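Work through the exercises below with the model open. Try each task before you read its solution.

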Amino acid sequence: MKTIEQFHLAAQYLAMAGKSFLPPMKDDSHTNLGFSITDQSLLTWPLDESGTQLGLNYSTFSLDWKSDTVHSLSLKGKTHGEVVEWISKMAKMSGLMKPYRFDLHYSLPYTMANDQVFELSDSSEVQELIRLRSLAQNVLTTFLKDEKLESEVRVWPHHFDTGAFAHLHNGSGKSVGLGLAIPDEMANDFYFYISGYRGNTQLRTWAFKPLSQGKWKNNGFKGGILPASDITEATTSAFFRQALEAYKS
């Protein structure tokens, strides 16, 4: 199984912690995750008043239960059942009143068999995943601040994108969604994306001027995309700025 697929599957344990222990939100945001550049980890929202969190540490490929103390479970060689059992034990230890339930309410493009175990073999791929998540976190946070746009930067466990969504406060009624997506039917590589909306309708891009970096899409997904390999923060920021100006005009 590919490295990105294993991390995508492992992130579901965090999403289901949000589903198990937090009040449900209509937009499913109780299941989304933060990314800590310092810890090189995905993290749930705080699961109780004392700030307990479940993390997925990229550098160690382990789950970290962060309560009064930190308890870690290496995912290497573990089955799905063993991981669920460990999280349930940690939740009880921390005094969480509800049980931990692994109950996905969406479909993923891949699954693990009951006897299949997590296993990583290429540390260079893991370092690239860390670089991309860190790049996305930095670029999006800075871009939103510079453009005076308001949004959380979160990792959504279903599509596993680092994303943000912000309204343009210019009287146009428009908003933009932007972020970093994992390889899918749109591209064989990680890619940055931005799309414009009026209400729930994606804005067409066919009349926009070509982008200096990346390209516009107008078939199915309507917006701009930029392959993420070998991309710098400056290049990515310039892509987002140019695309945003097209939506503002």
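Helices and strands here are DSSP runs, numbered from the N terminus, with at least four residues for a helix and at least two for a strand. The model is predicted.

**Exercise 1. Place Thr-79 and decide: is Thr-79 buried or exposed?**

Step 1. Find the loop between strand E5 (70-74) and helix H2 (80-93); Thr-79 lies there.
Step 2. Recall the cut-off: buried means under 20% relative accessible area.
Step 3. Thr-79 has 17% relative accessibility, so Thr-79 counts as buried.
Step 4. Look for what touches Thr-79, leaving out residues up to four places away in sequence. The list is Asn-114, Asp-115, Gln-116 and Val-117.

**Exercise 2. Do the like for Gln-53: which strand holds Gln-53, and which residues does Gln-53 touch?**

Step 1. Gln-53 belongs to strand E3, which covers residues 53-57.
Step 2. The relative accessibility of Gln-53 is 19%, so Gln-53 counts as buried.
Step 3. Leave out residues up to four places away in sequence. Gln-53 then touches Leu-43, Thr-44, Trp-45, Pro-46 and Leu-47, along with Asp-64, Trp-65 and Lys-66.
Step 4. Now take Gln-127. Gln-53 and Gln-127 are 74 residues apart in sequence. In space, their C-alpha atoms are 23 Å apart.

**Exercise 3. Describe how strands E11 and E12 are joined.**

Step 1. Locate E11 at residues 215-219 and E12 at residues 221-227.
Step 2. The two strands run antiparallel, and five bridges join them.
Step 3. Asn-219 stands opposite Phe-221 in E12.
Step 4. The hairpin has one residue between the strands. Gly-220 takes a positive phi near 80 degrees there.

**Exercise 4. Step back to the whole protein chain: how many helices and strands does the protein chain have?**

Step 1. The secondary structure comes to four helices and 12 strands.
Step 2. The radius of gyration is 19 Å, close to the 18 Å that the globule rule gives for 249 residues, so the protein chain is as compact as a globular protein of that length.
Step 3. Along its principal axes, the C-alpha trace spans about 55 × 40 × 30 Å.
Step 4. Of the 249 residues, 50% count as buried.
Step 5. Take the contacts with a separation of 6 or more; residues 24 or more positions apart account for 56% of them.

**Exercise 5. Describe the surface and the charges of the protein chain.**

Step 1. The accessible surface comes to about 12,700 Å². Carbon and sulfur atoms hold 50% of that surface.
Step 2. There are 24 positive and 27 negative side chains.
Step 3. The centres of the two sets lie 7 Å apart.

Definitions and conventions
Residues numbered from 1 in each chain as written. Predicted model: local features only at pLDDT ≥ 70, side-chain atom pairs only at ≥ 80, totals over all residues. Heavy atoms only, no water. Rg over C-alpha atoms; globule rule 2.2 N^0.38 Å. Buried < 20%, exposed > 50% of the residue type's maximum accessible area, 1.4 Å probe, protein only. Contact = heavy atoms within 4.5 Å. Areas by Shrake-Rupley, 256 points an atom, 1.4 Å probe, with all protein chains shown as cover. Lys, Arg positive; Asp, Glu negative; His and termini not counted. Charge placed at Lys NZ, Arg CZ, Asp CG, Glu CD. Pairing = 2+ DSSP bridges.
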